[in-house]
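Here is a friendly walk through one protein model, with an eye on charged pairs, buried side chains and the surface. Keep the viewer open as you read.

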Amino acid sequence: MILKGFKEKSNKKYINKIVNERVVVTTKEKVKRVGILVNNNESVDYNWFKTLKEVLNVTTRAIEIVAFTNDKKKDENNELIVTYDGTDLGWNGTIKNPNLKTFINTDFDLLISYYTEDNILLKLLTTASKAKFKVGILQEDERINDLIIKTELNDFKTFKVELEKYLKILNKL
């Protein structure tokens, strides 16, 4: 139990380091690739992520979803969603899972952090991601996203409308 606390503290230190070193580069490139981070422990309907492709004008193949779960049994049958748990992350921001390494190193045009729970593992993936533009919903740490859309987790309609509005303002659509 003590080691778990030390591990969490080392990951928080890593997150602070990454956030402080991040340089936000504004570009007018259109959104072509989208990464989505969700928490399986919160009730999330993955079908409505598919409606994002129409708003963002991207193909289904251009959207990649990664989900965190507390359940040790991972959903390996779903090809579209990579699930992970706390065992996939180590100390000081080390990522053990090769799929997660690929996800954070992918140069997404847009990363959507769609979770409300203040979870160190989700925050770590959000901050470590090489995405050009990061969008999230209401969270405790406002430093990790470039745009925060304050909405309830189950109010996807409002999130979708607001996301489209701001991406148009920023010339990303």
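## A lysine and its partner

Lys132 counts as partly exposed, since its relative accessibility is 27%. Please keep in mind that the model is predicted. The side chain of Lys132 forms a salt bridge with that of Asp109, at 3.2 Å from N to O. Asp109 sits in the loop between α4 and β4 (110–114), while Lys132 sits in the loop between α5 (120–128) and β5 (134–137), so the bridge ties together parts that are 23 residues apart in sequence.

Is Asp109 buried or exposed? With 10% relative accessibility, Asp109 counts as buried. The pair also belongs to a wider arrangement: Glu29, Asp107, Asp109 and Lys132 are linked in a network of salt bridges.

## Other salt bridges

How many salt bridges does the structure hold? There are seven salt bridges in the structure. One of them joins the side chains of Glu64 and Arg33, at 3.6 Å from N to O. This pair links distant parts of the chain, 31 residues apart: Glu64 is in strand β2 (residues 63–68), and Arg33 is in the loop between α1 and β1 (34–39). Glu64 is partly exposed because its relative accessibility is 21%, and Arg33 is partly exposed as well, with a relative accessible area of 34%.

Another bridge stays within one helix. Lys168 pairs with Glu164, and their closest N and O atoms are 3.4 Å apart. These two residues are four residues apart in helix α6, so about one helical turn separates them. Lys168 is partly exposed at 49% relative accessibility, and Glu164 is partly exposed at 27%.

## A buried lysine without a bridge

Now look at the segment after α6 (156–169), where Lys172 lies. Which side chain of opposite charge is nearest to Lys172? That side chain is Glu29, 7.4 Å away, and Lys172 has no salt bridge although it is buried. A bridge would need a side-chain nitrogen within 4 Å of a carboxyl oxygen.

Leaving aside residues up to four places away in sequence, Lys172 touches Thr27, Glu29, Lys30, Val31, Phe133 and Leu167. Glu29 therefore appears in this contact list, and Glu29 is also part of the salt-bridge network with Asp107, Asp109 and Lys132.

## The two sides of α4

Helix α4 (residues 98–105) has Leu100, Phe103 and Ile104 buried. Seen down the axis of α4, the buried residues fall within an arc of 90 degrees, so they line one face of the helix. Why can residues three or four places apart point the same way? An α-helix has 3.6 residues a turn, so such residues point the same way. Pro98 and Thr102, on the other side of α4, are exposed.

In the loop between β3 (81–84) and α4 you will find Asp88. Asp88 counts as buried because its relative accessible area is 9%. From C-alpha to C-alpha, Asp88 and Asn57 are 32 Å apart in space, and they are 31 residues apart in sequence.

## A nonpolar patch on the surface

To finish, turn to the surface. Which residues form a nonpolar patch there? Ile2, Leu3, Phe6 and Trp91 do, and together they have about 470 Å² of accessible area. Phe6 belongs to helix α1 (residues 2–21), and Phe6 is partly exposed, with a relative accessible area of 48%.

Key: Residues are numbered from 1 along each chain as its sequence is written. This is a predicted model: local features need pLDDT of at least 70, side-chain atom pairs count only at pLDDT 80 or more; totals for chains, interfaces and linings use all residues. Side-chain values use heavy atoms; hydrogens and water are left out. Patches are made of residues with over 30% relative accessible area and no salt bridge: like charges are joined within 9 Å, nonpolar side chains (Val, Leu, Ile, Met, Phe, Trp, Tyr) within 5 Å. Accessible areas come from the Shrake-Rupley method with a 1.4 Å probe; for residues, only the protein chains shown count as cover. Buried means under 20% relative accessible area, exposed over 50%, partly exposed in between (1.4 Å probe, protein chains only). Lys and Arg count as positive and Asp and Glu as negative; His and the chain ends are not counted. Contact means heavy atoms within 4.5 Å. The arc is that of the directions from the helix axis to the C-beta atoms.
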